[in-house]
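The following briefing is organised by topic for a reader who works with coordinates.

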Amino acid sequence: MDIHEYQAKELFRNAGIPVPPGEVAETADQAEEIASRFGGTVVVKAQVHTGGRGKAGGVKLASSAQEAREYAENILGMTIKDLTVKKVLVTPAEDIATEAYVGVLIDRATQRPMFMVSPEGGVDIEEVAATNPEAIRKLRIDPRYGLLPHQAYSLATFLYDDPAQIKQATRVMGQLYEAFTRNSCSLAEINPLIVTPAGDVKAIDAKVSIDESALFRLPEVADYRDLDAEPASETKAREAGLSFVKLDGDVGCCVNGAGLAMATMDLVKYYGGEPANFLDIGGSSNPDKVVSALEIITADPNVKAILFNIFGGITRCDDVANGIVEAARRIDIQPPIVIRLTGTNEEEALEILKEAGFSAFTSMDEVVEKAVELAAQA
Ligand code: GDP
Ligand code: MN
């Protein structure tokens, strides 16, 4: 789950990281009022779940409350990478001497938290990785011991030469690791970590993603969820109890079981297609879930063909078949649907579908190839 910068900064503050104060505004009036209270130059920052806001015009320095109001007017309602800005953070501007990058993420290869730090902060870290990889230092952490003091120190010396800055940054490394583990993050990033002309090290941006599976034991973090800020399809899927991830292809997939869903996506690619989504309807056999799944898939204008791949165990094929028929009655489904069902109550299911005019198969290869072909023809 992605959270906003202002929320991520709250987690960082709780861990002791030096973060400038800030308040959130939903209107230009509020932004002006906050700016006049802070006084001096402030930064008005779009709160959306993406980086690169600066480049998109979503981060502006305002030298007066009046100017803060004007920037807030512009930024509120702006679209950044398909996301509409509904809130801005107003924060006192800092003078910047240097900008560094500090991030912790999960390294899948070693299954460990990994620090990535670079003295070339402020810009896209992907760009630094591509053009100047030696400017990035990576350090994998053994979770049994956590970040050891000498490791934190060594990361800090990669960023700074000045002993006072190294000392502050060493502390920040430990605090960031603490925030990362305490909140079950999959990513915790400070970009930029600045040094002010007076020599103070501060985090002026924060980006955090939380592991969804840990939210049940982190009620305060779970409250950070902003339904307004995530794609409508993902909200709807979660409410319906479906695991759904939107992708960029044109073959809509509806599968039961995460493993089968992954295998189905692999097979779509094998036959030359691109999946439009990952969707696991789970192990139950509630026809309503199938209706919700089809509503979500058909709401995506890129979908050119819909592929069902159901392996009936606890999930009963006839329930899925009834769900498909019910969905077709309730919503206008434009793309062709191809269906593969096998397992529990397969015969009943094939009968239900045939009666309703759907073509159904029992071979996985056959049905995936067909769906890819139909999507390509559309
Ligand atoms: P991002 O573009 O979404 O990563 O947003 P950031 O918060 O990182 O802001 C982008 C850039 O705006 C930073 O790299 C800074 O160069 C600049 N910026 C942000 N806050 C301040 C500030 O308080 N003072 C100054 N001088 N520049 C800032
Ligand atoms: Mn940033």
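**Briefing on the predicted model**

Lys60 is partly exposed, with a relative accessible area of 31%; buried stands for under 20% relative accessible area, exposed for over 50% and partly exposed for values in between, with a 1.4 Å probe and protein chains only. This is a predicted model, in which local features need pLDDT of at least 70 and side-chain atom pairs count only at pLDDT 80 or more, while totals for chains, interfaces and linings use all residues. Residues are numbered from 1 along each chain as its sequence is written, chains are lettered from A and ligands numbered from 1 in the order in which they are written, and side-chain values use heavy atoms, with hydrogens and water left out.

**Overall architecture**

- The chain has 13 helices and 18 strands; these are DSSP runs numbered from the N terminus, with helices (H or I) of at least four residues and strands (E) of at least two.
- Of the 378 residues of the chain, 51% count as buried.
- Along the principal axes, the C-alpha atoms occupy a box of roughly 75 × 50 × 40 Å.

**Manganese site**

- Asn191 (O) and Asp205 (OD) are the protein donors of the manganese ion (ligand 2), at 2.1 to 2.2 Å from it.
- Donors are N, O and S atoms within 2.8 Å of the metal (3.2 Å for Na, K and Ca); water is not among the atoms, so sites may look incomplete.
- Asn191 belongs to strand S10 (residues 185–195) and Asp205 to the loop between strand S11 (201–203) and strand S12 (207–210), so the pair ties together parts that are 14 residues apart in sequence.
- Both donor residues, Asn191 and Asp205, are buried.
- A cis peptide bond, with omega of about 15°, joins Asn191 to Pro192, and Pro192 is found in strand S10.

**Second largest pocket**

- The volume of the second largest pocket is about 950 Å³; grid points are joined across faces, edges and corners, and a volume is the space filled by probe spheres set on the points.
- On a 1 Å grid over the protein atoms alone, a pocket is an open set of points where a 1.4 Å probe fits, with protein on both sides within 12 Å along at least five of seven lines, and lining residues have an atom within 4 Å of a point.
- The lining of the second largest pocket comprises 29 residues, and Glu212, Glu230, Pro231, Glu234 and Phe244 lie nearest the pocket centre.
- Strand S5 (83–84), helix H8 (232–239) and strand S13 (243–246) are the elements that give two or more residues to this lining; H8 gives the most, with 4 residues.
- By class, the lining has 12 nonpolar, 5 polar and 12 charged residues; Ala, Val, Leu, Ile, Met, Phe, Trp, Tyr, Cys and Pro count as nonpolar, Asp, Glu, Lys and Arg as charged, and the others, Gly among them, as polar.
- Domain 1 (21–92) and domain 3 (232–377) both give residues to the lining, so the second largest pocket lies between them; the domain bounds come from an automatic or database domain assignment.

**Largest nonpolar core**

- The largest nonpolar core has 44 residues, and Phe12, Phe115 and Ile210 have the most contacts inside it.
- A nonpolar core is a set of buried Ala, Val, Leu, Ile, Met, Phe, Trp, Tyr and Cys residues joined through side-chain atoms within 4.5 Å.
- Elements that give two or more residues to this core include helix H1 (5–14), strand S7 (98–107), strand S8 (112–118) and helix H6 (163–182); H6 supplies the largest share, 8 residues.

**Backbone with positive phi**

- Most residues other than glycine have a negative phi, and most peptide bonds are trans.
- Gln111, which is not a glycine, has a positive phi of about 55°; Gln111 is found in the loop between S7 and S8 and counts as exposed at 68% relative accessibility.
- Ser184 has a positive phi near 45°; Ser184 lies in the loop between H6 and S10 and is buried, with a relative accessible area of 13%.

**Pairs separated in sequence**

- Ala46, in strand S2 (residues 42–46), is buried with a relative accessible area of 0%; the C-alpha atoms of Ala46 and Val88 are 4.6 Å apart, with their positions 42 residues apart along the chain.
- Lys60 is in strand S3 (residues 59–62); Lys60 and Ile75 are 15 residues apart in sequence and 8.9 Å apart in space, C-alpha to C-alpha.
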